[in-house]
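Me: Take one part of this model and go through it closely. I would like the contact between the two chains first, then the strands around it, strand by strand.

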Amino acid sequence: MAENYNTSVLSDIPVQEEKQYSYLNLGPTHPATHGIFQNVLKMDGEIIMDATPTIGYIHRAFEKLAERRPFYQITPITDRMNYCSSPINNMGWHMTMEKLLKLEIPKRVQYLRVIIMELARISDHIICNTIIGQDVGATTGFLYLFQYRERIYEIYEEICGARLTTNIGRIGGLERNFSDKTWEKLENWLKDFPPAFEEFSSLLERNRIFMDRTINCGPISAERALAYSFSGPNLRAAGVDYDVRVMNPYSSYEEFDFIVPVGTQGDTYDRFMVRQQEMWESVKIIKQAIEKIKKEPSHIYRADAPEYVLPPKEEVYNNMEALIYQFKNIMGETDIPKGEVYHCVEGGNGELGFYLISDGGRTPYRLHFRRPCFIFYQAYPEMIKGRMLSDAIITMSSMNVIAGELDS
Amino acid sequence: MEQTATEDRIVSVIRENFPGEVISVESPYDFLTVNLKAGKIIEIIKFLYDKEKYQYLTTLCGIHYPENKTIQVMYQLHKLTENKRIRLKIALPEEKPTVPTLTNVFPAANWMERETYDFFGVIFEGHPNLIRILNVEEMTIFPLRKEYPLEDQTREDKNNDMFGR
């Protein structure tokens, strides 16, 4: 009797079936991922249980290509890594070569480079931060601040003639001096950007909706961030004050007065705020650099090392020595020292390292790029596990994963 | 000078705790580089992590030397508290490059090792997911090895004496 009673009760309870998950392809070309990223998400309803990122969709074998290119031809390759801040990549590569060649770079060139690199950092952070806004539904800031990014590109154009893939500067300096127009554009930009940026900040920074949406979204602790070798704003948002500009100063960064902003939670909001603050610091650095440049002789824009630095074109056409050096440089007749160099710069996304092995040949024997995106993107599944699909989108945009840098 | 003193200390610490493992020490461009035997590399990195606080893996990559028939694996560690960097190198035989995985010490090594496998064919034993990462899965070669030249070697219109390699 009792047995029958039990059976009838039990039969009313639905049998717990094995849990069914659905699988969702986020990407490769999803408009909200801003690039070619594929993530196969294992979903329980709206909750992400697991994610499998697939990368390499725009892999272009830069490390292999670099093994067959003369040193000065590698600069355009570096452009195409983090294409949101290509001048930093270019400068990083030039400085690696200058380290290998033991070239002394004049102070003025270093300050000019600082200006260019900080402009690049601002344009990189503008993209990241406005897109976070875009992804949570605040389109205004995106369109508003992009005008100022556009004007940064106009400054690049004035310096080197290109906008996105800049190929800015040369080994040993810049290809030409800043023109008067460049300075004028820079001055105007410095006048107009802070108020506009202030306005953008007031749109989002203390906006209740934005804060509710981003605080505690995709967080990572400092310990995990270090274990995953995070660097740059993403690491600093987690509370570790590691900035290559301060830790291993290059290009005279030690002479500049700026702070390294850090967050506490390592969530989307902190990453956003760290980048916001860094843009203010970059503006500060640019202003200081302009002041410093005024004290330097205004005609210097490259190192005096003709055997490594390409001479200006007008001299090549009119001067025999310059023509000889141009020829030797281009044909790879110059002796490049054997050696092994690691140089890192603070890119838009963190420690951008160049590990170069030269065997004295015309091209590198081996060139390895330490690409910050590639290294921190592997923590992405861990950061979005147990969260909503919509959180995954803004976590990715706040990490600022750039497909070009990820895939090299 | 101070820099050199601590560098020597690290090397002697490694020498003391792992006798016979250090092959040579160099410092190209002021970057301490230690060439090690392949056998105990993970133990040494674990030791540096625990005892010497080298707790940041900057990068990891392979280098192919066909004339020695070796593939080197380079590990670059960073001690953030004192801003000291160290580069550890091991040489593996070209035919069967095998080394234990570092993922148990640094989760960041996961993709770096996959990349090194992808391009050099280095097998990282114990790696949780050792598959190609940037190249297509169907690929059968390891493209960054020197035997795969970038350019068509049968080209006759280009003189390598003049244009270098």
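Reply: In this predicted model, 34 residues of chain A are in contact with 27 residues of chain B. Contact here is a distance test: C-beta atoms, placed from the backbone, lie within 7 Å.

Start with the chain A side. Six elements of chain A each supply at least two residues to the side that touches chain B: α2 (62-66), α9 (222-227), β4 (338-347), β5 (350-359), β6 (366-370) and α15 (372-376). Helices and strands both appear in that list. β4(A) gives the most, with four residues. By residue class, this side of chain A divides into 14 nonpolar, 10 polar and 10 charged.

Now the strands of chain B. Take β4(B), residues 70-79, as the reference. This strand is mostly covered: eight of its 10 residues are buried. The cut-off for buried is 20 or more other C-beta atoms within 10 Å of the residue's own.

β4(B) has a partner in β3(B), residues 56-65. The two pair in the antiparallel sense, over nine bridges. For a concrete register point, use Leu60(B), which stands opposite Tyr75(B) in β4(B). The connection is a hairpin, with four residues between β3(B) and β4(B). Check the backbone in that turn: Lys69(B) has a positive phi of about 55 degrees.

β4(B) also pairs with β5(B), residues 84-93. The sense is again antiparallel, and the count is 10 bridges. Lys79(B) has Lys84(B) in β5(B) as its bridge partner. β4(B) and β5(B) form a hairpin too, with four residues between them. In this turn Asn83(B) has a positive phi of about 55 degrees.

Back to chain A for another sheet. This one is open, with three strands in the order β1-β2-β3 and antiparallel pairing. Its edge strands are β1(A), residues 22-26, and β3(A), residues 47-54; each pairs on one side only. Neighbouring strands are turned by 25 degrees against each other on average, direction ignored. β2(A), residues 38-44, pairs with β3(A) in the antiparallel sense over seven bridges. To fix the register, take Val40(A): its bridge partner in β3(A) is Thr52(A).

One general point sits behind these pairings. Strands of a sheet pair through backbone hydrogen bonds, either parallel or antiparallel.

Notes:
Residues are numbered from 1 along each chain as its sequence is written. Chains are lettered from A and ligands numbered from 1 in the order in which they are written. This is a predicted model: local features need pLDDT of at least 70, side-chain atom pairs count only at pLDDT 80 or more; totals for chains, interfaces and linings use all residues. Two strands pair if DSSP finds at least two bridges between them. Axes are lines fitted to C-alpha atoms, for helices over the stretch in contact, and angles run from 0 to 180 degrees between N-to-C directions. Two residues are in contact if their C-beta atoms, placed from the backbone, lie within 7 Å. Ala, Val, Leu, Ile, Met, Phe, Trp, Tyr, Cys and Pro count as nonpolar, Asp, Glu, Lys and Arg as charged, and the others, Gly among them, as polar. A residue is buried if 20 or more other C-beta atoms lie within 10 Å of its own, exposed if 12 or fewer, and partly exposed in between; C-beta atoms are placed from the backbone.
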